[in-house]
Amino acid sequence: MNIGLKTRLILAFLSIIIVPVLVTIGLLYVYLSNIDERFQGQEGKINQLFQDISDQVRENEELIDHPKQLYYEFQPLLRKYDINLAIQSPDHEVLFDSRDFHPDESSGFFKQMDSLQVDVELSSGLPVHVEIMANSLQAEPFNTFYQVLKNIMISLAIGFLSLILLIIGWTWYISRTILSPLKQIYTATEEMKEGNLSYPIHYNKKDEIGHFVHGFNLMRKHLKQSIEKQKQYEKSRKELIASISHDLRTPLSSIKGYVEGLMDGIARTEEMQKKYLRVIKDKTDQLDHLIEDLFEFSKLELNQLPMERVYVNSQEFFSDVILGIEIDVQQKGVQIKVEDPVPSVCIYIDPQRIQQVLLNLIYNSVRYGASTINIRMLENRTKSHLQVQIADNGNGISKEDLPYIFNRFYRGEKSRSREHGGSGLGLAIVKSIIQAHDGEIRAESDEGQGSCFTFTLPLCIPSSNDPEPEG
Ligand code: ADP
């Protein structure tokens with residue numbers, strides 16, 4: 001059971017006040033009710049004692065003038081009750097005192113407290129005064145008053161003891177439930193200060209402290225994640241700068257080399273000069289392409305490339321895009337086949353960006369050895385997405401490369417020589433655009449057999465506020 005902190009403190013204070021009082025009162029009640037019973041029992045015992053003493057005195061009245069003998073006669077009785085006796089005449093002359101023969105060893109104070117008087121009429125008609133003195137505090141019936149006092153003291157002591165035990169118990173409990181998690185939090189903050197963000201605080205109760213600890217652990221986790229993210233970002237930023245400088249420097253240095261060659265007159269024939277100039281043009285194209293990709297990618301990364309999505313008809317859109325590049329692709333010796341039927345559905349896309357996706361994928365196929373590119377489109381079963389598949393019969397992608405091809409600046413093992421002049425950003429850009437359209441993209445490939453890229457695009461959700469789809 002989870003009791004709140006406030007309830008626990010209230011319970012602690014109440015129990016510290018109430019329990020000792022109840023214990024004391026309870027014990028007093030038990031003792032006092034016992035005393036009542038004892039008094040009832042003692043009354044009979046006192047009467048019996050008086051009766052025994054009166055009988056003894058009367059039986060031995062002729063021995064009153066012989067106290068020693070009288071003492072011997074009285075001795076069993078005195079022993080039985082553990083008492084002393086003194087007999088006085090009516091004019092208070094001491095006729096007999098057992099203490100003369102058996103000195104009282106107990107302290108005077110207690111003895112005085114436990115004395116009783118009884119008048120006995122002798123057979124001669126002479127009334128004598130018998131004082132009964134308790135020799136021992138333990139002897140009944142004289143110990144009652146002390147027992148009451150003692151029991152009150154014991155009750156108070158037990159009450160006080162329960163108070164101390166409760167204070168110790170509650171202090172232990174509260175320190176365990178409040179102070180120890182606080183101590184853990186303190187240690188965790190110290191650890192965090194030292195840079196250790198993997199120091200969890202274990203506290204499973206769902207009370208105020210539990211909520212606080214939960215919040216603290218969450219904060220620590222978020223902080224850890226954001227620091228790791230920051231580190232990752234920092235690392236990839238460094239990698240990015242290194243890649244960019246490398247990719248810019250490579251074509252630049254070859255341009256520089258060829259320009260110097262031309263200037264130094266190394267290319268003597270016109271044919272050589274043309275070749276040099278062609279290389280320079282290729283390299284500048286490569287640079288242009290790289291800078292274009294970089295620009296696009298950085299805008300996508302910074303979310304500065306707003307998606308201007310509109311409703312378009314899929315059949316019209318894809319036909320237009322393919323028509324626009326078909327001739328160029330054919331000139332490169334590659335055939336594009338669009339599988340029939342092309343679904344005619346409304347898609348919600350940024351046409352320019354999706355055109356870029358198609359171009360990146362198709363020109364990748366062209367670059368990586370395809371002679372045929374098959375394009376297939378179909379609606380998915382739930383009719384929420386249009387699936388577009390671009391399959392080629394090119395070089396394919398190795399198993400080692402496949403998981404990384406969508407990473408920025410990643411180039412497959414075979415394309416690293418840069419003979420294709422790729423930036424390694426094409427697929428990263430494609431993925432960002434598809435994700436910005438709430439779609440998904442995946443690649444499958446058999447090395448040497450070809451590759452197949454599949455992505456999805458959302459269909460229009462009909463709503464009364466939607467603008468009419470184009471076409
Ligand atoms: P690049 O500028 O190098 O083409 P991309 O991001 O477009 O960069 O592609 C990443 C890598 O994926 C390429 O270097 C290449 O190894 C591989 N790749 C992409 N498309 C294909 C494809 N159609 N056929 C074979 N390999 C491909």
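The exercises below work through a predicted model of a single protein chain, each with a solution in steps.

**Exercise 1. Describe the chain as a whole: how many helices and strands does it have, and what percentage of its residues count as buried?**

Begin with the secondary structure, where the protein chain shows 9 helices and 11 strands. Next, turn to burial: of its 471 residues, 37% count as buried. Then consider the contacts between residues with a separation of 6 or more, of which 69% are accounted for by residues 24 or more positions apart. Finally, the accessible surface of the protein chain comes to about 28700 Å², and 56% of that surface belongs to carbon and sulfur atoms.

**Exercise 2. Determine what span is expected for helix α6, and which helices its buried residues pack against.**

Step one is the length: α6 covers residues 270–301, which is 32 residues. At 1.5 Å a residue the expected span is 46 Å, and the helix reaches 46 Å from its first C-alpha to its last, close to that expectation. Step two is to list the residues of α6 that are buried, among them Y276, V279, I280, L287, L290, L294, F297 and L300, together with Q286, D293 and E296. An α-helix has 3.6 residues a turn, so residues three or four places apart point the same way. Step three is to look for the partners, and here the buried residues of α6 pack against α5 (208–263), α8 (351–367) and α9 (426–436). Last, inspect the end of the helix, where N303, just after α6, takes a positive phi of about 55 degrees.

**Exercise 3. Characterise the second largest pocket: which residues lie closest to its centre, and which helix gives the most to its lining?**

First take the volume, which is about 580 Å³. The lining consists of 22 residues, and those closest to the centre of the pocket are F297, F406, N407, R408 and F409. F297 has already appeared among the buried residues of α6. Then sort the lining by helix: α5, α6 and α9 each supply at least two residues, while α5 gives the most, with 6 residues. Finally, sort the lining by chemical character, which yields 8 nonpolar, 6 polar and 8 charged residues.

**Exercise 4. Decide whether I167 counts as buried, partly exposed or exposed.**

Locate the residue first: I167 sits in helix α4, residues 144–193. Its relative accessibility is 39%, and the class between the cut-offs of 20% and 50% is called partly exposed. I167 therefore counts as partly exposed. As a last step, compare sequence with space: I167 and A12 are 155 residues apart in sequence, yet their C-alpha atoms are 8.4 Å apart.

Notes:
Residues are numbered from 1 along each chain as its sequence is written. This is a predicted model: local features need pLDDT of at least 70, side-chain atom pairs count only at pLDDT 80 or more; totals for chains, interfaces and linings use all residues. Side-chain values use heavy atoms; hydrogens and water are left out. Helices (H or I, at least four residues) and strands (E, at least two) are DSSP runs, numbered from the N terminus. The expected span of a helix is 1.5 Å times one less than its number of residues. Buried means under 20% relative accessible area, exposed over 50%, partly exposed in between (1.4 Å probe, protein chains only). Contact means heavy atoms within 4.5 Å. Accessible areas come from the Shrake-Rupley method with a 1.4 Å probe; for residues, only the protein chains shown count as cover. On a 1 Å grid over the protein atoms alone, a cavity is a set of points where a 1.4 Å probe fits but cannot get out, and a pocket is an open set with protein on both sides within 12 Å along at least five of seven lines; lining residues have an atom within 4 Å of a point. Grid points are joined across faces, edges and corners, and a volume is the space filled by probe spheres set on the points. Ala, Val, Leu, Ile, Met, Phe, Trp, Tyr, Cys and Pro count as nonpolar, Asp, Glu, Lys and Arg as charged, and the others, Gly among them, as polar.
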